[in-house]
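Reader: I've got a structure open and I'm not sure how to read it. Could you walk me through some of its features?

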Amino acid sequence: MIHLSLQQKAFEDEVVLGPLEFKLQPGERVAILGPSGIGKSTLLRIIAGLDPRFEGTRHLQGRLAMVFQEPTLLPWRDAVQNITLITGVGVQKAQDVLAEVGLAGKETQFPGQLSLGQQRRLSLARALAADPEILILDEPFASLDEQVAEEMMALTAGLIKDRSMSCLLVTHSQREARAIADHILRLDGAPAQLNKAS
């Protein structure tokens, strides 16, 4: 469970977010929509605990994992090592989760040998290997061609449902939000605030 009560987030003298309340309950899947530059990634970093410089309070209960827009993989390590070194799980667990995301047979390949879609799958596998109760996705389907994005959305939605985990998706795409989330919020205004999507 996550509960953020944000009074404001400012960069120097410019207030960019708040006031706003955000809650993510166990098993709930929420998407936050908004145009580029509105502050989605800033809000996500606060929710994820990566940016403590804000006015307000944040409460987290449960294990959290995050999938970034860029895969953020270790280029000098193979697929299995990209999972084991970061999460601490064993080789068998890494191989199992690679198979779940459709990367069976790619265990010894390095990120540079994988397509962008396969890199995104590896990034998702790394997050899932940690057995999170909360999964945060920061525009994980950006820059993928339409067919690959559709495959990734279906795969991700299925894996989240199978694990009964909570999920927060940040995106600018209504289609992605509807594919993943039960509830959709919109970030808009200046400073930006959260509202229910129409």
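Author: Sure, let's start with how the pieces get their names. Helices and strands are DSSP runs, numbered from the N terminus. With that, you can place Pro191: it lies in the loop between β9 (183-189) and β10 (192-196). Keep in mind that this is a predicted model.

Reader: Okay, what kind of peptide bond joins Ala190 and Pro191?

Author: First the general idea: most peptide bonds are trans. The bond joining Ala190 and Pro191 is cis, with omega about 0 degrees. You'll find another cis bond running from Gly18 to Pro19, with omega near 0 degrees. Pro19 sits in a loop too, the one between β2 (14-17) and β3 (20-24).

Reader: Next up is phi. Which sign does phi have in Glu12?

Author: The background is that most residues other than glycine have a negative phi. Glu12 has a positive one, near 55 degrees, and Glu12 isn't a glycine. Look for Glu12 in the loop between β1 (2-11) and β2. Ser164 also has a positive phi, about 55 degrees, without being a glycine. Its place is the loop between α5 and β8.

Reader: Are Glu12 and Ser164 buried or exposed?

Author: Here you need a cut-off: exposed means over 50% relative accessible area, and buried means under 20%. Glu12 has a relative accessible area of 79%, so Glu12 is exposed. Ser164, with 56%, is exposed as well.

Reader: Where do glycines with a positive phi turn up?

Author: Two of them follow helices. Gly49 comes just after α1 and has a positive phi of about 85 degrees. Gly102 follows α3, and its phi is positive, near 85 degrees.

Reader: While we're at α1, how many of its residues are buried?

Author: Helix α1 covers residues 40-48, and 7 of its 9 residues are buried, so the helix is mostly covered. Among the buried ones are Lys40, Leu44 and Ile47.

Reader: And which residues are buried in α3?

Author: The general idea comes first. An α-helix has 3.6 residues a turn, so residues three or four places apart point the same way. In α3 (residues 91-100), the buried residues include Ala94, Val97 and Leu98. Those three cover an arc of only 105 degrees around the axis, which puts them on the same side of α3.

Reader: What do the buried residues of α3 pack against?

Author: Three other helices: α2 (79-87), α4 (116-129) and α5 (146-163).

Reader: Suppose I want to describe how two helices pack. At what angle do α2 and α4 pack?

Author: For a pair of helices you can give an angle and a distance between the axes. For α2 and α4 the angle is about 35 degrees, and the axes are 9 Å apart. The crossing of α2 past α4 is right-handed. On the α2 side, the contact is made by Ala79, Asn82, Ile83, Ile86 and Thr87, while α4 brings Leu122, Ala125, Arg126 and Ala129. Sorted by type, the residues of this contact are 6 nonpolar, 2 polar and 1 charged.

Reader: Let's try a strand. Where is Leu137, and what is it in contact with?

Author: Leu137 is in strand β7 (residues 134-138). Its relative accessible area is 1%, so Leu137 is buried. If you skip neighbours within four places in sequence, Leu137 has contacts that include Leu44, Val67, Ile160 and Leu169. Sequence distance is a separate matter: Leu137 and Ala65 are 72 residues apart along the chain, with their C-alpha atoms separated by 8.8 Å.

Reader: Which side chain makes a polar contact with the side chain of Thr171?

Author: That's Glu176, at 2.7 Å. Thr171 belongs to strand β8 (residues 166-171). Thr171 counts as buried because its relative accessibility is 0%. Leaving out neighbours within four places in sequence, its contacts include Ile32, Gly34, Lys40 and Glu139.

Reader: What about Glu139, is it buried or exposed?

Author: Glu139 has a relative accessible area of 10%, so Glu139 is buried. You'll find Glu139 in the loop between β7 and α5. Not counting residues up to four places away in sequence, Glu139 touches Lys40, Gln69, Val170, Thr171 and His172. Find Lys40 there, and you're back at α1, where Lys40 is one of the buried residues.

Notes. Residues numbered from 1 in each chain as written. Predicted model: local features only at pLDDT ≥ 70, side-chain atom pairs only at ≥ 80, totals over all residues. Heavy atoms only, no water. Helix = DSSP H or I, 4+ residues; strand = E, 2+ residues; numbered from the N terminus. Buried < 20%, exposed > 50% of the residue type's maximum accessible area, 1.4 Å probe, protein only. Polar contact = N/O pair within 3.5 Å; in protein donor to acceptor, adjacent residues only side chain to side chain. Contact = heavy atoms within 4.5 Å. Arc of directions from axis to C-beta. Axes fitted to C-alpha atoms, helices over the stretch in contact; angles between N-to-C directions. Left-handed = near helix turned anticlockwise from the far one by under 90°. Nonpolar A, V, L, I, M, F, W, Y, C, P; charged D, E, K, R; others polar.
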